[in-house]
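Trainee: Could you walk me through reading this model, beginning with how the chain is laid out and then turning to the contact between chains?

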Amino acid sequence: MSNDHDHGPTHTHDGKLIQEDELPSIEAQILETSVRELLIEKGVVSGEDIRRAIEAMDSRGESLGAKIVVRAWTDPKYKDRLLNNSDDAVREFGINMSPMELCVVENTDEVHNMVVCTLCSCYPRPILGIPPAWYKRRDYRARAVREPRAVLQEFGTDLPDGKQVRVHDSNADLRYLVLPKRPEGTEDWTVEQLEALVTRDSMIGVSDVRLPSEADA
Amino acid sequence: MKNKYSPGDKVQIMQRNQPGHVRTPIYVRGKTGVIERIVGSFPNPELLAYGNSGLPYKMLYRVNFKQSELWPDYDGQADDTLEIEIYEHWMAPA
């Protein structure tokens with residue numbers, strides 16, 4: 001045995017503490033069920049209303065975000081609106097961020113942005129839909145602010161020397177969308193081709209947008 | 001609602017222990033950063049979360065920190081930063 005003791009999931013060999021993710025609160029589940037059943041019983045909403053709302057939430061995904069990103073890549077005036085008046089700019093795509101506000105951060109040759117919510121799992125749901133499971137995990141939330149470069153590397157994102165990393169902790173009333181860099185060599189691409197390139201992870205900022213040839217490498 | 005701070009101002013986040021729906025993570029408490037932008041006034045989440053109105057509204061800012069200020073042993077690049085939203089009642093001039 002190479003180590004001097006068996007250890008559970010509570011710590012690693014370099015002494016860093018890893019807290020387990022919490023189980024869903026049973027009290028919150030009971031409360032949700034009770035309120036939902038009461039609302040249906042009193043005729044405020046129907047089961048079908050709730051089902052349809054869940055379906056609509058689940059159906060949102062990165063394709064909406066990709067449309068916004070590609071519009072910004074191909075229309076400088078839209079990009080200006082998106083960066084400086086983000087709520088109005090996404091409303092043009094039928095997205096309402098209220099009561100939150102949207103903050104769009106642009107990746108450039110000098111700066112790489114990435115987003116995390118250390119306190120819970122705040123995420124631009126009206127644009128990107130349901131957050132990925134890893135985004136809600138305690139290890140991502142703790143490490144993204146503490147050692148963002150190591151986390152980026154684990155996501156396969158190697159940054160060139162000299163590029164600054166800027167982490168955004170989505171802890172209060174803003175929701176964040178990263179405007180990734182448009183890959184070189186896509187100048188002649190159609191909107192549809194470009195939209196197919198833009199991934200969810202590139203809009204969270206744990207990855208760049210890559211050409212298919214690079215992605216395979 | 002008037003903002004007490006403006007972009008570029010240096011502020012120190014308050015070091016206080018407060019239970020409840022607090023949006024100021026412990027890792028920025030006591031740390032010094034620079035106002036990046038004024039976000040605007042929002043219902044106070046420390047009250048709103050418990051069924052209250054959230055009044056009076058609180059001014060919210062985005063504050064930029066050097067990672068080396070947050071983590072003395074940070075091993076990334078010297079100019080790496082972190083930006084986070086902090087309410088006015090959680091900061092003091094630095």
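Mentor: Gladly. Bear in mind that this is a predicted model. A good start is the spacing of the domains: in chain A, the C-alpha centres of domain 1 and domain 2 lie 32 Å apart. Domain 1 covers 26–56 and domain 2 covers 61–216.

Trainee: Is R138(A) buried, partly exposed or exposed?

Mentor: Buried means under 20% relative accessible area and exposed means over 50%. R138(A) has 21% relative accessibility, so this residue counts as partly exposed. R138(A) belongs to helix α8, residues 138–146 of chain A. Its C-alpha atom is 9.7 Å from that of S121(A), with their positions 17 residues apart along the chain.

Trainee: How many residues of chain A and chain B are in contact?

Mentor: For an interface, look at residue counts and at area. Here 26 residues of chain A contact 23 residues of chain B. The buried area is about 2,100 Å², and carbon and sulfur atoms give 44% of that. On the chain A side, R146(A), N171(A) and D173(A) lose the most area to chain B, together 26% of what that side buries.

Trainee: Which residue forms a salt bridge with E83(B)?

Mentor: That is R166(A), with the closest N and O atoms 4.0 Å apart. The rule finds 3 salt bridges across this interface, and 23 residue pairs are in polar contact.

Trainee: Which element gives the most to the side of chain A that touches chain B?

Mentor: β3(A) does, with 6 residues. By class, that side has 12 nonpolar, 6 polar and 8 charged residues.

How values were computed
Residues are numbered from 1 along each chain as its sequence is written. Chains are lettered from A and ligands numbered from 1 in the order in which they are written. This is a predicted model: local features need pLDDT of at least 70, side-chain atom pairs count only at pLDDT 80 or more; totals for chains, interfaces and linings use all residues. Side-chain values use heavy atoms; hydrogens and water are left out. Helices (H or I, at least four residues) and strands (E, at least two) are DSSP runs, numbered from the N terminus. Buried means under 20% relative accessible area, exposed over 50%, partly exposed in between (1.4 Å probe, protein chains only). Domain bounds come from an automatic or database domain assignment. Contact means heavy atoms within 4.5 Å. Buried area is the accessible area (1.4 Å probe) that two parts lose on being put together, summed over both. A salt bridge is a side-chain nitrogen of Lys or Arg within 4 Å of a carboxyl oxygen of Asp or Glu. A polar contact is a pair of N or O atoms within 3.5 Å; within protein, one must be able to donate a hydrogen and the other to accept it, and residues adjacent in sequence count only if both atoms are side-chain atoms. Ala, Val, Leu, Ile, Met, Phe, Trp, Tyr, Cys and Pro count as nonpolar, Asp, Glu, Lys and Arg as charged, and the others, Gly among them, as polar.
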